[in-house]
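Hi,

Here is the structure I promised to pass on to you. Please open it alongside this email, and my notes follow below.

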Amino acid sequence: MKNMRLHTKAVHAGDRKKAPLAVPVTTPIVTASSYLYEDTAQLDRVFEEEMEGFAYARYDSPTTHALEELIASLENGHGALATSSGMGAVQIALQTAFTDRRHSIVAAGALYGATIRMLTSVFEPMGVDVRFVDICDLAAVEAAIEEARPGCVLMETISNPLLRVGQIDRVAEMARAAGAVLLVDSTFATPLMVRPMELGANLVVHSLTKYLAGHGDVLGGVVVSDEANYATLRALSRTCGPNLGPFEAYLAMRGIKTFALRMERQCANACRIASALAAHPRLEKVYFPADPKHPDAGTIRRLFPDGLYGAMVSFEIKDAGREQVFAFMDKLKLIVKGTSLGDVHSLILYPAMSSHRDLAPKQRLRMGIRDNLVRLSVGIEAAEDILEDLDQALGG
Ligand SMILES: Cc1ncc(COP(=O)(O)O)c(C=O)c1O
C-alpha cells in the first residue's frame, strides 16, 4: 500500500521482507507467531497439514522445528517435540502414552524427584494407577506388567541420583508384549552413549537444560517419538501448547553442536574422579557406572560404549549428616554448588535438599538416598583441578 500515514508505517514499513537468497550458516531465530502465504487457500492447506509450512507458532515454528529435527536425528527417532522444560517433556510424553491406552503405569522406583511427584500428585489423583518397581529386577518388572497391564512403562537410562542402569531392551520387549509404551528419560546418558529408540523404546525424553544445551543458560526439554506415537504427540502439543520458544531453541542448538565433544571429556574426567574418590579415606561409598562392582555392571558393559559411562558421580561422606555435607559443600572453591547438572562447569548438588527434596525422608531412604549423599556433575575443567577442590573441601 502506497502513501501510508505515520501510524500505519510504524506498524508495516520495512516488515515482512522475503528471506534473502543467500542461506545463513546458522539457524536464524524466527520469532514470528504467525505466517503469510501467497493466498489464503495455501494457509488453509498448511493448517490441514496438506502442505509443508508454518501457520502458527504453537503448532510448529522454524527455529524450534530445526532443533526438533536435530534431536530426532541424534536419537534415531521418527520426530521430536521440544518443550519449555524437561518436566514439560515428561508430562506430554506421559499424556501421549496414555492416549488410547490403559491409564496405568509401571515406573522405575529410582527416578528424578519431580517425576515421582508428577506421577503421585498429578497423574494418580487423575485416576492413573501408578506402580513403582525396581526396574533392574526383570522378574519384578515382568510381574508388575502382568498384574497392572499398564499403558506405559517409565524408566531412566541412568537413574538419578544413584546411577542404576536397567536393561532397556529387555524392558522394551516386555512393554511391547503387553501393548504398553516404553518411555525412557535419557537425560543422564545422552545419545552419545545410549539411544533408547534403537533398543525398543517408543518415547524418549531429555531435559535439554542439562548435557544437550550444556551451558547453564537455557531451560528446555524434548520428547523424541517413534512413528506410531508421533501424530498423537504433535496433536496434544497443538492443543496444550507446551512448546519451546525460538530463543531457547537457538541456544539449545548452539549447545548441541559441541555436546558430543563436551560429553567425551566429561565422561573421561568422571572416570578419573570416580576412581580417585573410591580410594578417599573420608568417603564411605562412591557410585559410578564404570565401577566393576556396580550392581548393573553386566548391563552397563552390554549397553554402553567403552569409556563412556556418564559424567555423574555420587558419593557418601563418612559419618556425615546434612550439617557436615553443607560444610563440605561450602568449602568448595571451584565446583559450583547449586542445582542442575550437565553443564560445562562441575556442579555439586545435595539430593535431599534439591533433586529429591519433595520426597518424604522415609521415601528417600527407601530409595537409598541417605543424608550423607552428594551428587557431582563433572564438568570439562582439568580433572586435577576438580580433584584438588574436592580433596581440600573433604579436608584431605
Ligand atoms: C533425569 C531428569 N529428568 C528430567 C528433569 C527435569 O528437567 P527440567 O529441570 O529441564 O524441567 C531433570 C532435572 O533435573 C532430571 O534430572
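Let's start at the ligand: a polar side-chain atom of Lys210 lies 3.1 Å from one of the ligand's oxygen atoms. Please keep in mind that this is a predicted model. The side chain of Thr209 also takes part, with an N or O atom 2.7 Å from an oxygen atom of the ligand. From Met87 the contribution is made by the backbone, where an N or O atom sits 2.9 Å from a ligand oxygen. The ligand on its own would expose 390 Å², and the protein buries 91% of that.

Which residues come nearest to the ligand? Out of the 15 around it, they are Gly86, Met87, Asp185, Ser207 and Thr209. If you are thinking about the chemical character of this shell, it divides into seven polar, five nonpolar and three charged residues.

Next, a look at helix 5, which covers residues 113-123. Its buried residues are Gly113, Ala114, Thr115, Ile116, Met118, Leu119 and Phe123. What covers them? The cover includes two helices, helix 4 (86-98) and helix 14 (361-366), together with strand 2 (104-108), strand 3 (129-133) and strand 4 (152-156).

Asn269 may also interest you. This residue belongs to helix 11, which runs over residues 259-278. Is Asn269 buried or exposed? Its relative accessibility is 5%, and buried means under 20%, so Asn269 counts as buried. A polar atom of its side chain lies 2.7 Å from the backbone oxygen of Glu381. Leaving aside residues up to four places away in sequence, Asn269 touches Val378, Gly379, Ile380, Glu381, Ala383 and Ile386.

Finally, there is a sheet to look at. Five strands make up an open sheet with mixed pairing, in the order 8-9-12-11-10. Strand 8 (283-287) and strand 10 (336-337) are at the edges; each has a single partner strand, so one side of each is left without a neighbour in the sheet. As general background, strands of a sheet pair through backbone hydrogen bonds, in either a parallel or an antiparallel way. Within this sheet, strand 11 (residues 347-349) and strand 12 (residues 373-377) are an antiparallel pair, joined over three bridges. If you want a spot to zoom in on there, try Ile348, which stands opposite Leu376 of strand 12.

Happy to talk any of this through once you have had a look.

Best wishes

Definitions and conventions:
Residues are numbered from 1 along each chain as its sequence is written. This is a predicted model: local features need pLDDT of at least 70, side-chain atom pairs count only at pLDDT 80 or more; totals for chains, interfaces and linings use all residues. Side-chain values use heavy atoms; hydrogens and water are left out. Two strands pair if DSSP finds at least two bridges between them. Helices (H or I, at least four residues) and strands (E, at least two) are DSSP runs, numbered from the N terminus. A residue is near a molecule or strand if one of its heavy atoms lies within 4 Å of it. A polar contact is a pair of N or O atoms within 3.5 Å; within protein, one must be able to donate a hydrogen and the other to accept it, and residues adjacent in sequence count only if both atoms are side-chain atoms. Accessible areas come from the Shrake-Rupley method with a 1.4 Å probe; for residues, only the protein chains shown count as cover. Ala, Val, Leu, Ile, Met, Phe, Trp, Tyr, Cys and Pro count as nonpolar, Asp, Glu, Lys and Arg as charged, and the others, Gly among them, as polar. Buried means under 20% relative accessible area, exposed over 50%, partly exposed in between (1.4 Å probe, protein chains only). Contact means heavy atoms within 4.5 Å.
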